[in-house]
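Here is a short tour of how some pieces of this model fit together. Take a look at the sequence and structure below, and then let us walk through the contacts.

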Amino acid sequence: MIHYEVYFDKYRWSVEVFIILSHADINSIMEAVKRAGGSKKVIDSAYANMQEDFNSGFTYSSPKYRKSIMVVNRSSSMEEFINTYNHEKNHVEMHICEELGIDPYSEEAAYLSGNMAQ
């Protein structure tokens, strides 16, 4: 598993990213979702999604903890990885914009997207 966490001071929000390399990684990822406040329903749904062999992902955000968990499952190609990564990154961006009242069409949202890409 590839795992890293980024904290955005400006938004006081952390994003924990997991890239699954093996099904053995899934349980520790579900623990992270649980620590971030994910309900049993969220965890069960995410777990079922991660059972897909390739090209899936999910994002969970907790406004209470000001944290997002972004997961990219194994990919069948580099193109599919980029597609799934960008898809899940977009969810994180929209969750942050919604929670902090940032217009998703604004320059601020574009800066957030660029920061996420870095």
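A good place to begin is a side-chain arrangement: the charged end of Arg74 sits over the ring of Phe54, at 4.9 Å from the centre of that ring. Please keep in mind that this is a predicted model. As for rings meeting rings, the structure holds one aromatic pair.

Now to the helices. Two packed helices are described by the angle between their axes and the distance between the axes. Here are two such packings:

| Helices | Angle | Axis distance |
|---|---|---|
| α1 (residues 26–35) and α2 (residues 40–50) | about 155° | 10 Å |
| α3 (residues 78–100) and α4 (residues 107–117) | about 135° | 10 Å |

Let us take α1 and α2. Their angle of about 155° is over 145 degrees, so the two helices are roughly antiparallel to each other. The crossing of α1 past α2 is right-handed. On the α1 side, the contact is made by Ile26, Asn27, Met30, Val33 and Lys34, while α2 brings in Val42, Ile43, Ala46, Tyr47 and Met50. By character, the residues of this contact of α1 with α2 are eight nonpolar, one polar and one charged.

Next come α3 and α4, which pack at about 135°. That angle makes α3 oblique to α4. Here, too, α3 passes α4 in a right-handed crossing. From α3, the contact draws on Tyr85, Lys89, Val92, Glu93, Ile96 and Cys97, and from α4 on Ala109, Leu112, Ser113, Met116 and Ala117. The residues of the contact of α3 with α4 divide into eight nonpolar, one polar and two charged.

Technical notes
Residues are numbered from 1 along each chain as its sequence is written. This is a predicted model: local features need pLDDT of at least 70, side-chain atom pairs count only at pLDDT 80 or more; totals for chains, interfaces and linings use all residues. Side-chain values use heavy atoms; hydrogens and water are left out. Axes are lines fitted to C-alpha atoms, for helices over the stretch in contact, and angles run from 0 to 180 degrees between N-to-C directions. Helices (H or I, at least four residues) and strands (E, at least two) are DSSP runs, numbered from the N terminus. Angles under 35 degrees count as roughly parallel, over 145 as roughly antiparallel, 65 to 115 as roughly perpendicular and the rest as oblique. A crossing is left-handed if the near helix is turned anticlockwise from the far one by less than a right angle, and right-handed if clockwise. Contact means heavy atoms within 4.5 Å. Ala, Val, Leu, Ile, Met, Phe, Trp, Tyr, Cys and Pro count as nonpolar, Asp, Glu, Lys and Arg as charged, and the others, Gly among them, as polar. Rings of Phe, Tyr and Trp (its six-membered ring) pair if their centres lie within 6.5 Å; planes under 30 degrees apart count as stacked, over 60 as edge-to-face and the rest as tilted. A charge sits over a ring if NZ of Lys or CZ of Arg is within 6 Å of the ring centre and within 35 degrees of the ring normal.
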